[in-house]
Amino acid sequence: MEIAGKVFIVTGGASGLGEGTARRLAAAGGKVVVADMQADKGEAVAREIGGAFVRCDVSQEADGQAAVAKAVSMGKLMGLVNCAGIAPAERTIGKAGAHNLATYTKTIMVNLVGTFNMIRLAAEAMAKNEPESTGERGCCISTASVAAYDGQIGQAAYSASKGGVVGMTLPIARDLARNGIRNMTIAPGIFGTPMLFSMPKDVRDALAASVPFPSRLGTPEDYAKLAMHIFENDMLNGEVIRLDGAIRMAPK
C-alpha cells in the first residue's frame, strides 16, 4: 500500500500510540482523521498534521459512522488504526467486595465492542474502493495488549477485552479476504503513554527494567513504525504481533 494520498482513521489519535501513528502517517503523506473523545487535544493534533478531527466514542454506532463519513469525504479510505481504549484495574474480589460490573462492562464496550464497531464500519466503506494493483482495498489494525496473554492481578476486565481483540483477528481477516481488506492486531508490552506516565517514576523505572531487551519502555514511535510496516506489507494478514521486547508479565 502506498501511504501518500490515502486516507486513514486513527482512533485514540489525540495522544499516546494513536497520536504517534497519526503523526507518522501524515509525515508519509497520508490524510488522517483523528477520532477521539478529547476534543482539545484531538483538534490540536489534527491541525498540526493537516488532518481532520472527529469527536468519537468508538462504542457508539453514530460516532463511528461520523468518523468514517469524514474520512470518505477526504479521499480514498485505505486504513484504520484502533488505538482508543481504557485500562481500569480492579480485582475480581477486592476490599470493597465484588468487581464493579459497570466497570467491567464499560471496558468490554470500549476496548472490544468499540474496536469491532470501527472495523465493521471502516471495512464497509473500504469494500467500495477501487482495488490497488495488488487487489487490496484497505487494511485495519487493532491494538490488543500482552495482557491478553499475561494478564496481571486486577486486569480481568482489561485482559478479557484485549483477549477478545486477539480472538477476532483471524476470523475478521477471513471474512474480509473476499473484499481485499486485511486485518491485523498489534499487542504492545509496556509502553510510555499518558496512561503509564500517571504512575510514580520509580514504578515506571522498575517496569522498564523488567523488559529483557531493549530494557526500556516502548514508545509511540515504536508502535507507529510497526503500523506503517503492516500497511506497506500486504502479506501481513490475520495475525497478532507482540511488540514487547520479549517481556512476559508476572502476576503483579
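**Asking why: strand β7 and its surroundings**

Mentor: Let's start in the middle: β7 and strand β8 (residues 181-188) pair in the parallel sense over six bridges. Keep in mind that this is a predicted model.

Trainee: What makes β7 and β8 count as paired?

Mentor: Two strands pair if there are at least two bridges between them, and β7 and β8 have six. So the pairing stands. One spot to look at is Gly138, which sits opposite Ile181 in β8.

Trainee: And how do you know that strand β4 pairs with β7?

Mentor: By the bridges again: β4 (residues 77-82) and β7 share four, in the parallel sense. At least two are needed, so they pair. Here Val81 faces Ile141 of β7.

Trainee: Why is β7 called largely enclosed?

Mentor: Six of the six residues in β7 (138-143) are buried, so the rest of the structure largely encloses the strand. Buried stands for under 20% relative accessible area.

Trainee: Which residues lie on each side of β7?

Mentor: Gly138, Cys140 and Ser142 are on one side, with Cys139, Ile141 and Thr143 on the other, and all are buried. In a regular strand, side chains alternate between the two faces of the sheet.

Trainee: What is the strand order of the open sheet?

Mentor: Its seven strands go β3-β2-β1-β4-β7-β8-β9, with parallel pairing.

Trainee: What makes β3 and β9 edge strands?

Mentor: β3 (52-55) and β9 (240-243) each pair on one side only. For β3, the partner is strand β2 (residues 31-36), running parallel and joined by four bridges. Within that pair, Val34 has Phe53 in β3 as its bridge partner.

Trainee: Why is Ile230 called buried?

Mentor: Its relative accessibility is 0%, and the cut-off is under 20%, so Ile230 counts as buried. Ile230 belongs to helix α9 (residues 220-232). Leaving out residues up to four places away in sequence, Ile230 touches Cys139, Ile141, Arg182, Met184, Ile186, Leu236 and Ile241.

Trainee: How do you know that the span of helix α1 agrees with expectation?

Mentor: Twelve residues (16-27) at 1.5 Å a residue should span 16 Å, and the end C-alpha atoms of α1 are 17 Å apart, which agrees. The multiplier is one less than the number of residues. Buried residues of α1 include Leu17, Ala22 and Leu25. Just past α1, Gly29 has a positive phi of about 100°.

Methods. Residues numbered from 1 in each chain as written. Predicted model: local features only at pLDDT ≥ 70, side-chain atom pairs only at ≥ 80, totals over all residues. Heavy atoms only, no water. Buried < 20%, exposed > 50% of the residue type's maximum accessible area, 1.4 Å probe, protein only. Helix = DSSP H or I, 4+ residues; strand = E, 2+ residues; numbered from the N terminus. Contact = heavy atoms within 4.5 Å.
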